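This report describes selected features of one protein model. The sequence and structure are shown first, and the description follows.

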Amino acid sequence: MDKRLIDAPTRVERFARKRSLDYFTSGENADYLADEILLLHPSEADAALAAGDTAYGLLRDTARRCLNDPKRLARLGIPDWCRPLLEWSVANEWDDFLFGRFDLAGGIDGQPLRILEFNADTCSLLPETGLLQPEVLRQNGVKRSAPNKLVESLEARLREIGAARKGTHGLFTHLGYPEDELNVGFLADRARAAGWKEVHTASLPEATFDPDNGLAADPKPGRTVRYYYLMKFFPWDWIALEESALWEMLEEMIVNHFVRVVNPAWTMLLQSKALLAYAWQDNPGHPLLLPTAFDPADLPDPRRGYVRKPVFGRNGENVMVSLDGRRSDAKRDGDYGELPVVYQERAAFATNGEGLRYQLSAFVTPSASALCCRRQEGLILDDDAEFVSLGLTVS
């Protein structure tokens, strides 16, 4: 593994500052961008991209089956009263998917490539992958980049989505967290480049949801604009479990064609990690899938170790790792402790001489379009991980 790493001594603070991305390069995040670049073999990069395409199709098939089975839907952690909007969304918005990110284990130095989870709703790492990674490679003289068409593919997809309505008006919303605001800004810039007529970014409280008149916000004092497209950077599961009144308003607005939400409601099915347990049931032994179950006793061999995950957890919160299936070897607290959980067989990761574990990710938009990587010491990757830029070996 260490032979794959090359030094990246040139920092990209100036580039980041000019693009208002210094959040990723300063203060407590000054070391977020790793000072090394990981070189993948072209065959490894191709395999990781192919995994994204295959897994996207596989999980969509399983999602349809789950929506048609009340018992499965309940175990996904989705309230039954959400079913009408999900069914409408599958029937009417099945092809409206914009972007998501698969997190992967292995895939380096011959280790088997496995799907850990799918961030199908409000996934992060967009500015880092689309803008900072290419600049890290450029400034440090790496001529061959790992596959990275994130900017181009998002703009092409947004151009397609916007073509459905003349004079595209889009409201890009977030909950006010700095990182979310930067991811939303990245997406808004892609929409502008795609020719959307009106693009405005705002925090959720600044948006007005009116089932009778649609979605509105004030881009300037004294100027109110109605928006047909809503790009939200707050999860569908959060809306369903924490803000049911917002769900009800959105449901009425969506089915009455007052607003079109990207990503659409059906992606909540993909976001649930319980979908991986059903994907394993539907495709036992699939080479990309890790055995996943609702009880560790139902794994092929719990003694191989497993990871316990809440079905809608994020950032490694409330994750527990057992190396032998008998004790807890690592765990994180968090906000998802009351949710149902799944148990996923422990996967192998590439590790360097310092003990840092490397996790590849593949963006799908909706075809696989870009790779990125993070690394961290320990058994659980969380928001303290470093972002590692990816190049390709020459031969």
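The sections below treat sheets, cores, salt bridges and backbone geometry in turn.

## Parallel sheet and its helix

The model is predicted. One of its sheets is open and consists of 4 strands in the order 6-5-10-11, with parallel pairing. Strand 6 (198–203) and strand 11 (260–262) form the edges, each pairing on one side only. On average, neighbouring strands of this sheet are turned by 25° against each other, direction ignored.

Within the sheet, strand 5 (residues 169–174) and strand 10 (residues 229–232) run parallel and are joined by 4 bridges. Phe172 stands opposite Met231 of strand 10. Helix 7 (residues 178–193) packs on the sheet and touches strand 5, strand 6 and strand 10. The direction of helix 7 makes about 165° with that of strand 5.

## Antiparallel pairing around strand 13

Strand 13 (306–310) has antiparallel connections to two strands. To strand 14 (320–322) it is joined by 3 bridges, and Val307 stands opposite Val321 in that strand. To strand 16 (residues 341–345) strand 13 is joined by 5 bridges, again in antiparallel fashion. Here the bridge partner of Pro310 is Val341.

Strand 13 is mostly covered, since 4 of its 5 residues are buried. Asn315, in the loop between strand 13 and strand 14, counts as partly exposed at 47% relative accessibility. Although Asn315 is not a glycine, it has a positive phi of about 60°.

## Nonpolar cores and a buried alanine

The largest nonpolar core contains 84 residues, of which Leu38, Leu86, Trp236 and Leu270 touch the most other members. Helix 2 (residues 42–67) supplies the largest share of this core, 11 residues. Apart from this core lies another, of 43 residues, including Tyr32, Ile161, Phe172 and Ala188. Phe172 of this second core is the residue that stands opposite Met231 in strand 10.

The contacts of Leu86, not counting residues up to four places away in sequence, are with Leu67, Leu73, Ile78, Trp247, Ala265, Trp266, Met268 and Leu269.

Ala105 belongs to strand 3 (residues 100–105) and is buried, with a relative accessible area of 0%. Leaving aside neighbours within four places in sequence, Ala105 is in contact with Pro112, Leu113, Arg114, Leu116, Ala347, Ala348 and Phe349. Ala105 and Leu116 are 11 residues apart in sequence, and their C-alpha atoms are 6.4 Å apart in space.

## Salt bridges

The count of salt bridges comes to 28. One of them joins the side chains of Arg375 and Glu36, at 2.8 Å from N to O. Arg375 lies in strand 19 and Glu36 in strand 2 (residues 33–40), so the pair ties together parts that are 339 residues apart in sequence. Arg375 and Glu36 are both buried.

A second example lies within one helix. Arg83 forms a salt bridge with Glu87, with the closest N and O atoms 3.3 Å apart. The two residues are 4 residues apart in helix 4 (residues 83–93), so Arg83 and Glu87 are separated by about one helical turn. Arg83 is buried at 14% relative accessible area, whereas Glu87 is partly exposed at 36%.

A third salt bridge links the side chains of Arg223 and Glu198 (3.1 Å, N to O). Arg223 lies in strand 9 (residues 223–227) and Glu198 in strand 6, so this pair ties together parts that are 25 residues apart in sequence. Arg223 is partly exposed, with a relative accessible area of 35%, while Glu198 is buried, with a value of 14%. Salt bridges that share partners also join Asp35, Glu36, Arg375 and Glu386 into one network.

## Backbone geometry in loops

Which peptide bond leads to Asn263 in the cis form? The bond is that from Val262, with omega near -10°. Asn263 lies in the loop between strand 11 and helix 10 (267–271). The peptide bond from Thr365 to Pro366 is likewise cis, with omega near -5°, and Pro366 is located in the loop between strand 18 (356–364) and strand 19 (368–377).

Leu125 has a positive phi of about 75° although it is not a glycine. This residue, Leu125, is found in the loop between strand 4 (114–119) and helix 5 (126–139) and is buried, with a relative accessible area of 2%.

How values were computed:
Residues numbered from 1 in each chain as written. Predicted model: local features only at pLDDT ≥ 70, side-chain atom pairs only at ≥ 80, totals over all residues. Heavy atoms only, no water. Pairing = 2+ DSSP bridges. Axes fitted to C-alpha atoms, helices over the stretch in contact; angles between N-to-C directions. Contact = heavy atoms within 4.5 Å. Buried < 20%, exposed > 50% of the residue type's maximum accessible area, 1.4 Å probe, protein only. Core = buried A, V, L, I, M, F, W, Y, C linked by side-chain atoms within 4.5 Å. Salt bridge = Lys/Arg side-chain N within 4 Å of Asp/Glu carboxyl O.
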